[in-house]
Amino acid sequence: MKIEFAPADVPLTRRLQTAAVLQWVFSFLALAQCCIVLFFVLLFTRFWLVSVLYAVWWFVDWDTPSHGGRRINFLCNLSIWRYMRDYFPVQLVKTADLDPQKNYVFGFHPHGILVAGAFINFCTQTTGFRKLYPGLSTYLLMLPLWFRAPFFRDYIMFAGLIPSDKESASYLLRKPGGGNVVVIAVGGAPEALDARPGAYTLLLANKKGFERLQRIMGISLPLFHARGVFQYSFGLMPFRKPIHTVVGKPIMVEKNEKPSDEELNELHERYMDELSKLFEEHKSKYGVPEDRHLSFV
């Protein structure tokens, strides 16, 4: 296999972009495990009190993830996220106004390998969500398992991540006055396993209850072909491919504690229809061939 190395005269800006994405890949794949190891290692050193005090804090703070988390806007505006945005680059596209007096559920498609698009658009302020949709705050759902990792749970809460369970989503969606957006990468890990270039397949045809997703999303480490830090032939770094996230118009839903199967099926079909329309309306702008369409499985 021939290895294509990066040229030595790569501009500093591009090197910083690569470094920003490298830390994201590390955070996604290994930071939680490192935090768990650190927590237990500290117990057997002279810094054991750090872990003990954190354990006490963890007990007191146990319900915070399911009650909106603990976003720190300063951290969401760090330069590192702008470099990560520009690496791909990532763009957020608005197609309709959203009433800030209401709460919303965003279905994000596709899940992808590292969920980079969802994170940049909805956990940082680098693509201008708050300017495009004033009065709205976004919360990206993540597997509850990761909120059981010491130290790491605080890191992801700082970015506005909350557990992907009914309690966490309902807490925000039921708050009076509106202004909350719960973002769900609907396809989950199974969809990530089927991610491949040129495919427009969404794992959605049989999913009619977004709040039940944590039962089947699980954890996956799909096999994927990517690039390295100093060469372009293999590695864990994503390729520099543009990510365009188009936000469609809202689908109004009346509150119904016990919807019938017919009502669920109707809403599910409407959601897929609107998603397909959004794709068809915008695909030509981003290089998708006219004969390619969304496929639901």
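**Exercise 1. Is Phe40 buried, partly exposed or exposed?**

Phe40 has a relative accessible area of 46%. Buried means under 20% relative accessible area, exposed means over 50%, and partly exposed is in between (1.4 Å probe, protein chains only). So Phe40 goes down as partly exposed.

Before you go on: this is a predicted model, where local features need pLDDT of at least 70, side-chain atom pairs count only at pLDDT 80 or more, and totals for chains, interfaces and linings use all residues. Residues are numbered from 1 along each chain as its sequence is written, and side-chain values use heavy atoms, with hydrogens and water left out.

**Exercise 2. Which kind of pair do the rings of Phe39 and Phe40 make?**

Start with the rule: rings of Phe, Tyr and Trp (its six-membered ring) pair if their centres lie within 6.5 Å; planes under 30 degrees apart are stacked, over 60 edge-to-face, and the rest tilted. That rule gives 18 aromatic pairs. For Phe39 and Phe40, the centres are 5.3 Å apart and the planes sit at 85 degrees, so call the pair edge-to-face. Phe39, at 9% relative accessible area, is buried.

**Exercise 3. Work out the pair type for Tyr54 and Trp58, then place both residues.**

The ring centres are 6.0 Å apart and the planes are at 50 degrees, so this pair is tilted. Next, the location: both residues lie in helix 2 (residues 48-60; helices are DSSP runs of H or I, at least four residues, and strands are E runs of at least two, numbered from the N terminus). They are four residues apart, about one turn of the helix. Tyr54 is buried at 9% relative accessibility, and Trp58 is buried too, at 14%. Finally, zoom out: Phe39, Phe40, Tyr54, Trp58, Trp62 and Phe151 form one aromatic cluster.

**Exercise 4. Which ring does the charged end of Arg71 sit over?**

The test wants NZ of Lys or CZ of Arg within 6 Å of the ring centre and within 35 degrees of the ring normal. Arg71 sits over Tyr139, 4.9 Å from the ring centre. Lys94 lies over the face of Tyr133, at 5.3 Å from the centre.

**Exercise 5. How many residues does the largest nonpolar core have, and which helix supplies its largest share?**

A nonpolar core is a set of buried Ala, Val, Leu, Ile, Met, Phe, Trp, Tyr and Cys residues joined through side-chain atoms within 4.5 Å. The largest one has 43 residues, and those with the most contacts inside it include Met84 and Phe122. Helix 1 gives the largest share, seven residues.
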